Amino acid sequence: MKAEIYVPAVAESLADLKVSFELLEPARRKCIQTGLMLIIRPAGLSAEKIQLQLDNLDYFLGKPIPDRPMVFGMHPNMPLSGSERLNFLTNPNWSEEYVRRGIEMMAKLPSELTPASGKAISLHLNTLVALEAWAANEPHWEKAFEGVLERIKGLVAFGADHGVRIAIETTPIPEFGDTPRNDRSLLNNGGGGYWPDLINPWPLLFWRGEIEKLREAGANLTIDICHSYIALRTILEIEKYTSKKQESFLARYGLYASDLEHAREAMEFASLVLEHTKPGDIWHVNDARGFYKSPELFGEESFFEEGVQLFEGDIPENDLMILIREGLRKRIKFVLEVHETDFTNRPNTKMSLERVLGLFEATEDDLAITR
């Protein structure tokens, strides 16, 4: 067993820290290292809020090793609009400074709560553009990505100075294809379309070059299992149509014709994830359901669901079993990021953890046979 198992938590609430860590007690009984992935929201990065979070984490200091969590951070992909929006393409100065504050917060974590795999913070590039700004012009987007990479290189260096590694998260296609069109998802306070209309030129598809370039810049990768599966599922659905219809689909979903050549790789999902995982990476482990249907192409609109309870979605059961078994053997941060509505009892996380631990036992049996 090499991986560390985490669940998300909000450090602004001591009660949430306690409840979240208690969820992992069944894993600790099996001598698995456990911890918390702190959700670092923009409003939580004031000096006052940072100190509040550190003070709440002090609750665990001085406790025996099994009774205190390992901790790392994650920036959610918000906010999307306004002058203070996370976007390394269209708002890079603010975005870089925002992540720097998160790195500084992670650097202040006491050594007693530092994971064996090291301090880290995960983030989204959030390089989202309006639908009308997208065109399948690969040289243009390759040039634009150079500017994004320079910002990431700066953050990697800043993180190294503070003993904190950064990891960039994979995204679904479209990135907000799980969000209904309503007042909440309307951009720019009344104009500019809705969140599902946004295009990310770099969803970090496994066969493109962006992941390798990010690694060369010194960043790790956060593979969100449901995000990457939804992206591949979307491409696989587009590939089913005739060439003439495919052109419309590619333009709407921000894809290249060359992406369709890799559509069948979605049938080997587990192998793709494992092939592109390196030591120090982060996994968000979850299931997925559905894909986004744009109303102008399908005559109706439907949405995907991300963060589905394990083995309750569309990811093939065998793929999930392979990913869990093999993931637990890798030197990664293994995060159970499952959607909940009952945050007091968190039944979906509990059931998902139960399935993971059941496969962990099978893994140990398999290893015993080979000894």
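**Exercise 1. Locate the cis peptide bonds and place their prolines in the chain.**

P174 sits in the loop between β5 (164–169) and α6 (210–216); helices (H or I, at least four residues) and strands (E, at least two) are DSSP runs, numbered from the N terminus. The structure is a predicted model, in which local features need pLDDT of at least 70 and side-chain atom pairs count only at pLDDT 80 or more, while totals for chains, interfaces and linings use all residues. Residues are numbered from 1 along each chain as its sequence is written, and side-chain values use heavy atoms, with hydrogens and water left out.

Step 1. The bond from I173 to P174 is cis, with omega near -15°.
Step 2. M78 and P79 are also joined by a cis peptide bond, and its omega is about -5°.
Step 3. P79 belongs to the loop between β3 (70–74) and α4.

**Exercise 2. State the confidence of the model and find where it should not be read in detail.**

Step 1. The average pLDDT (the predictor's confidence in each residue, from 0 to 100) of the protein chain is 93, and 95% of the residues score at least 70.
Step 2. Residues 365–371 have a pLDDT below 50, and beyond near neighbours in sequence this stretch has two contacts in the model; contact means heavy atoms within 4.5 Å.
Step 3. Where pLDDT is low, predicted coordinates should not be read in detail.

**Exercise 3. Describe the packing of α4 with α5.**

Step 1. Helix α4 (residues 92–107) packs on helix α5 (residues 138–161) at about 20°, the axes being 10 Å apart. Axes are lines fitted to C-alpha atoms, for helices over the stretch in contact, and angles run from 0 to 180 degrees between N-to-C directions.
Step 2. The two helices, α4 and α5, are therefore roughly parallel (under 35 degrees; over 145 is roughly antiparallel, 65 to 115 roughly perpendicular, and the rest oblique).
Step 3. From α4, P92, N93, E96, V99, R100, I103 and E104 meet R151, G154, L155, F158 and G159 of α5.
Step 4. Sorted by class, this contact of α4 with α5 has five nonpolar, three polar and four charged residues. Ala, Val, Leu, Ile, Met, Phe, Trp, Tyr, Cys and Pro count as nonpolar, Asp, Glu, Lys and Arg as charged, and the others, Gly among them, as polar.

**Exercise 4. Repeat the analysis for α7 and α8.**

Step 1. Helix α7 (residues 225–239) and helix α8 (residues 243–253) pack at about 160°, with axes 9 Å apart.
Step 2. Hence α7 and α8 are roughly antiparallel to each other.
Step 3. T234, I238 and E239 of α7 meet Q246, F249, L250 and Y253 of α8.
Step 4. The contact of α7 with α8 has four nonpolar, two polar and one charged residues.

**Exercise 5. Identify the backbone feature at C31.**

Step 1. C31 is not a glycine, yet its phi is positive, about 65°.
Step 2. C31 lies in the loop between α2 (25–28) and β2 (34–39).
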